[in-house]
Amino acid sequence: MSVSLLFSGAWDMFRAYRDMREANYIGADKYFHARGNYDAAQRGPGGAWAAKVISDARERWQSDVSGRGAEDTRADQEANEWGRNGGDPNRFRPEGLPKKY
């Protein structure tokens, strides 16, 4: 597993998170989850591994600390897996999200 692909996959995840924060668009979080995982997984097994580790850690923290609940965590993980398995992130894209994203 190439270290550069791990870092590239982690960068893809960070970029999706940064874009989600910048967009600040209600209902878009699942799209950004799927997009980050999709982009990372396109780099190969190292990118997919980085995406899974980051996604699982984030969801574990979110369910333990933020109090968003099991249903939100389940929906986030569905979007994560969809993107990581090559599914089109646009499945989760909300209407009206700027084309920039």
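Okay, one term before we start: when I call a residue buried, I mean under 20% relative accessible area, while exposed means over 50% and partly exposed is in between. With that in hand, here's the overview: of the 101 residues of this protein, 42% count as buried. And keep in mind as we go that this is a predicted model.

So, what is it built from? The protein has four helices and zero strands, and reading from the N terminus the elements go α-α-α-α. The radius of gyration is 13 Å, close to the 13 Å that the globule rule gives for 101 residues, so the protein is as compact as a globular protein of that length. If you'd rather think in box dimensions, the C-alpha trace spans about 35 × 35 × 20 Å along its principal axes.

How about contacts along the chain? Take the ones between residues at least 6 apart in sequence: 69% of those join residues at least 24 apart. On the outside, the protein exposes about 6000 Å², and carbon and sulfur atoms supply 56% of that. There are 16 positive and 15 negative charges, and the mean positions of the two sets are 4 Å apart.

Now let's walk along the chain, beginning with helix α1, residues 3-23, where we find Arg15. Buried or exposed, or something in between? Arg15 has a relative accessible area of 24%, so this one is partly exposed. If we skip residues up to four places away in sequence, Arg15 touches Arg35 and Asp39. Looking back along the chain, Leu5 is 10 residues from Arg15, and their C-alpha atoms are separated by 15 Å.

Next comes the loop between α1 and α2, and that's where Asn24 lies. Have a look at the backbone here: Asn24 has a positive phi of about 45°, although it is not a glycine. Asn24 also counts as exposed, because its relative accessibility is 67% and the cut-off is over 50%.

On to α2, residues 29-41. With 13 residues at 1.5 Å a residue, this helix should span 18 Å, and its end C-alpha atoms are indeed 18 Å apart, so the two agree. How much of α2 is covered? Mostly covered, it turns out: 10 of its 13 residues are buried. Among them are Tyr31, Phe32, His33 and Arg35. That Arg35 is one we've met already, as a contact of Arg15.

Let's jump ahead to helix α4, residues 70-84, which holds Gln77. Gln77 sits at 17% relative accessibility, so it counts as buried. Which residues does Gln77 contact, leaving aside neighbours within four places in sequence? Those are Ser55, Asp56 and Glu59.

Last stop: Leu97, in the segment after α4. Its relative accessibility is 5%, so Leu97 counts as buried. What does Leu97 touch, once we ignore residues up to four places away in sequence? The list is Ala23, Tyr25, Ala28, Tyr31 and Phe32. Two names there should ring a bell, since Tyr31 and Phe32 were among the buried residues of α2. And here's a nice pair of numbers: Leu97 and Ile26 are 71 residues apart in sequence, yet 9.1 Å apart in space, C-alpha to C-alpha.

So, to pull it together: we have four helices and zero strands, a mostly covered α2, and a buried Leu97 after α4 that touches Tyr31 and Phe32 back in the chain. Thanks, everyone!

Key: Residues are numbered from 1 along each chain as its sequence is written. This is a predicted model: local features need pLDDT of at least 70, side-chain atom pairs count only at pLDDT 80 or more; totals for chains, interfaces and linings use all residues. Side-chain values use heavy atoms; hydrogens and water are left out. The radius of gyration is taken over C-alpha atoms; the globule rule is 2.2 Å times the number of residues to the power 0.38. Buried means under 20% relative accessible area, exposed over 50%, partly exposed in between (1.4 Å probe, protein chains only). Contact means heavy atoms within 4.5 Å. Accessible areas come from the Shrake-Rupley method with a 1.4 Å probe; for residues, only the protein chains shown count as cover. Lys and Arg count as positive and Asp and Glu as negative; His and the chain ends are not counted. The place of a charge is taken as NZ of Lys, CZ of Arg, CG of Asp or CD of Glu. The expected span of a helix is 1.5 Å times one less than its number of residues.
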